[in-house]
Amino acid sequence: MEPIILSIDTSCDETACAVTVGRKVLANVIYSQVLIHKKWGGVVPSLAKRAHEERIDFVVEEAVRKFMRYSKNNHQSELESRIDGTGPHTHAPDDYFLRNAFRFIDSIAVTQGPGLAMALEVGMKKAKALALRYNKKIIPVNHLEGHIYSPFAQNSTGNPERKFAFPCLALIISGNHMDIVLMRDHVTYEILGKTVDDAAGEALDKAARMLGFGYPGGEVIERLAHEVDNVDEYHFPRPMLHIKDLRFSFSGLKTSLFYFLKKMPEDEKFQNIRKIASSFQEAVFETIVKKTEEAIKQTGIRNIIAGGGVTANKHLRKKLRRLVKKHDGSVLFPPYSYLTGDNAAMIGVAAYYKMRKGIFVQDMDGFDRLPRFSLVNSA
Ligand code: KG4
Ligand code: ZN
């Protein structure tokens, strides 16, 4: 049987723990902090740290409990849970229960970076404590590897089956990242292009804020754009599209929205808010599609995989599907919605392929968070 991995991710504003066997997700718990950060318009590191600290024991124990329940009766409806809350959720773990469960768990995976230093620290401290207490090895995972492997996560019965095909181009489209990565094999990464300023999700979040909506904004923009059939009424500038390299830039687009809104009378803004949101989203997505097409042309690789919060967007999926169809290629997205945003299941799946390459933490004392961890150094 494939190894059973308990994985932890606390890189940003979700406290997450999962138990996976190979690519199969047996238990997945995500404790979202979104309600805490919403009123500040973005993630506040010190609040994130405190919330992670308050919840980490509970989240780990909950994931282990689901895994044990699964092992007993294969009851799948119990497998996933998402908790949105603001209050503390401290829970003293029952050592006897955990000791028993860890007899079945082979290794522990944890996100080492990139992310908020203060937040990463909480998950890593927990992983180390569990590893020492139950005598397990740690697999260090880059958060971006998680997003890259997220299209290959399966439910507990092994669906969807999906096969890896190398080489492939991996798109990471999230709140903090916008990368095009070339993978020639498992756990090898070559960065072909990334953003020089804002990430795609960050651009959508900032636009949403300028339009008077809260954080995070990607989902709201998607809904507004859908209501006007994704029209591109205002045709905002497509940054870096004229350059044939694979770098992205979204901050100029954001600035152009700012001045556009400044010039527009309030009532006109109000009347056209859907069209504005839609045009902005179109500028972001067309840039992603065009740069992906450029990467396909430059490399001749037509297998695309895509992960990260923004890949939840149906319109973006449609545009990328249309692109690969044109090039006779394929694209894979995370198969379940909980896998698009931050979660630990994807960390467990990536960890499985790292483990197969023998990548474990050797020096536990020197094992430290890497807030700017590069993918290239993760293999
Ligand atoms: O992957 P993720 O949860 O966090 C990072 O690792 O950054 O991505 C969060 C980002 C946010 O910017 C959020 O606005 C965006 O994903 N997002 C979406 C949608 N759902 C979340 N963007 C566009 N359409 C969506 N439906
Ligand atoms: Zn992420």
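Two strands pair if DSSP finds at least two bridges between them, strands being DSSP runs (E, at least two residues) and helices likewise (H or I, at least four residues), numbered from the N terminus. The model is predicted, with local features needing pLDDT of at least 70 and side-chain atom pairs pLDDT 80 or more, while totals for linings use all residues. Residues are numbered from 1 along each chain as its sequence is written.

**Exercise 1.** Work out how β7 and β8 are joined, then place them in their sheet.

Solution.
- Strand β7 (residues 168-173) and strand β8 (residues 178-183) run antiparallel and are joined by six bridges.
- Within this pair, Ile-172 of β7 has Asp-179 of β8 opposite.
- The order β9-β8-β7-β10-β11 describes an open sheet of five strands with mixed pairing.
- β9 (190-194) and β11 (330-332) each have a single partner strand, so one side of each lacks a neighbour in the sheet.

**Exercise 2.** Find which residues and helices surround ligand 1.

Solution.
- There are 21 residues around ligand 1 (a heavy atom within 4 Å), and Gly-175, Asp-205, Gly-218, Glu-222 and Gly-309 come nearest.
- Helices α5 (143-149), α6 (200-210) and α7 (218-227) each give at least two residues to this shell.
- Polar contacts are pairs of N or O atoms within 3.5 Å. An oxygen atom of ligand 1 lies 2.9 Å from a polar backbone atom of Gly-309; for Gly-218 the distance to such an atom is 3.0 Å, and for Asn-176 it is 3.0 Å.
- On its own, ligand 1 has 550 Å² of accessible area (Shrake-Rupley method, 1.4 Å probe), of which the protein covers 88%.

Key
Chains are lettered from A and ligands numbered from 1 in the order in which they are written. Side-chain values use heavy atoms; hydrogens and water are left out. A polar contact is a pair of N or O atoms within 3.5 Å; within protein, one must be able to donate a hydrogen and the other to accept it, and residues adjacent in sequence count only if both atoms are side-chain atoms.
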